[in-house]
Amino acid sequence: MIFLTKLNGEQILINSLQIESIDLIPEAKVIMMNGRFYIVKESAEEIIQKTIEYNGKIHCYREDR
């Protein structure tokens, strides 16, 4: 699960395993597998980095290997 920020400043917690795609409109529109979407302040690169960090915690891998 990763924290993202809606345009109104509200933080939401998203299951990164359920992200289907990210459209840049120019904000990031995170489209979930169930068809719902969230428009967030974070860039696509930030969302990818948060997902990598979360997966690293879950699967116990490090970037320095």
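**A predicted model, Q&A style**

Q: What relative accessible area does I58 have?
A: We're looking at a predicted model here. I58 is found in helix α1, which runs over residues 44-59. Exposed would need over 50% and buried under 20%, so I58 counts as partly exposed, with a relative accessible area of 48%.

Q: How far is the C-alpha atom of I58 from that of E10?
A: Along the chain, I58 and E10 are 48 residues apart. In space, their C-alpha atoms are separated by 25 Å.

Q: Which residue meets E10 in a salt bridge?
A: The structure holds 1 salt bridge. E10 is partly exposed at 39% relative accessibility, and K6 is partly exposed too, with 26% relative accessible area. The N to O distance is 4.0 Å, and the side chain that E10 meets belongs to K6.

Q: Is T5 buried or exposed?
A: T5 sits in strand β1, residues 2-5. Leaving out neighbours within four places in sequence, T5 is in contact with E10, Q11, I39, V40, K41 and E42. The cut-off for buried is under 20%, and T5 has 15% relative accessibility, so T5 counts as buried.

Q: Which residue of β2 stands opposite L4?
A: β1 and β2 pair in the antiparallel sense, with 4 bridges between them. Follow that pairing to L4, and the residue standing opposite in β2 is I12.

Q: Which residue in the turn between β1 and β2 has a positive phi?
A: Most residues other than glycine have a negative phi. The β1-β2 hairpin has 5 residues between its strands. One residue in that turn has a positive phi of about 95°, and that residue is G9.

Q: Which residues form the covered face of β2?
A: In a regular strand the side chains alternate between the two faces of the sheet. In β2, Q11 and L13 make up the uncovered face. That leaves the covered face to I12 and I14.

Q: Which strand gives the largest share of the largest nonpolar core?
A: This core has 10 residues: I2, L4, I12, I14, I19, A28, V30, M32, V40 and I47. At least two of them come from each of β1, β2 (11-14) and β4 (28-32). The largest share is 3 residues, and the strand supplying it is β4.

Q: Which residue of the largest nonpolar core touches L4, I12, A28, V30 and I47, among others?
A: The candidates include L4, I12, A28, V30, V40 and I47, which belong to this core. Setting aside residues up to four places away in sequence, one residue has a contact list of L4, T5, K6, L7, I12, E27, A28, V30 and I47, and that residue is V40.

Q: Which residue in β4 is the bridge partner of I22?
A: Strand β3 covers residues 19-24 and pairs with β4 in the antiparallel sense over 5 bridges. The two strands form a hairpin with 3 residues between them. Within β4, the bridge partner of I22 is V30.

Q: Which residue does a cis peptide bond join to I25?
A: Most peptide bonds are trans. Here, though, a cis bond turns up, with omega of about 5°. One residue it joins lies in the loop between β3 and β4; the partner of I25 in this bond is P26.

Q: What is the area of the nonpolar surface patch made by M1, F3 and L13?
A: M1 lies in the segment before β1. It takes over 30% relative accessible area to join a patch, and M1 is partly exposed at 40%. L13 belongs to the uncovered face of β2. Together, M1, F3 and L13 make a patch of about 290 Å².

Q: What pattern does the protein chain follow along the sequence?
A: Count the elements and you get 1 helix and 5 strands. Read in order, the chain follows the pattern β-β-β-β-β-α.

Q: What share of the accessible surface belongs to carbon and sulfur atoms?
A: The C-alpha trace spans about 35 × 20 × 20 Å along its principal axes, and 28% of the 65 residues count as buried. The accessible surface comes to about 4700 Å². Of that, the carbon and sulfur share is 53%.

Terms used:
Residues numbered from 1 in each chain as written. Predicted model: local features only at pLDDT ≥ 70, side-chain atom pairs only at ≥ 80, totals over all residues. Heavy atoms only, no water. Buried < 20%, exposed > 50% of the residue type's maximum accessible area, 1.4 Å probe, protein only. Contact = heavy atoms within 4.5 Å. Core = buried A, V, L, I, M, F, W, Y, C linked by side-chain atoms within 4.5 Å. Pairing = 2+ DSSP bridges. Patch = residues over 30% accessible without salt bridge, like charges linked within 9 Å, V, L, I, M, F, W, Y side chains within 5 Å. Areas by Shrake-Rupley, 256 points an atom, 1.4 Å probe, with all protein chains shown as cover.
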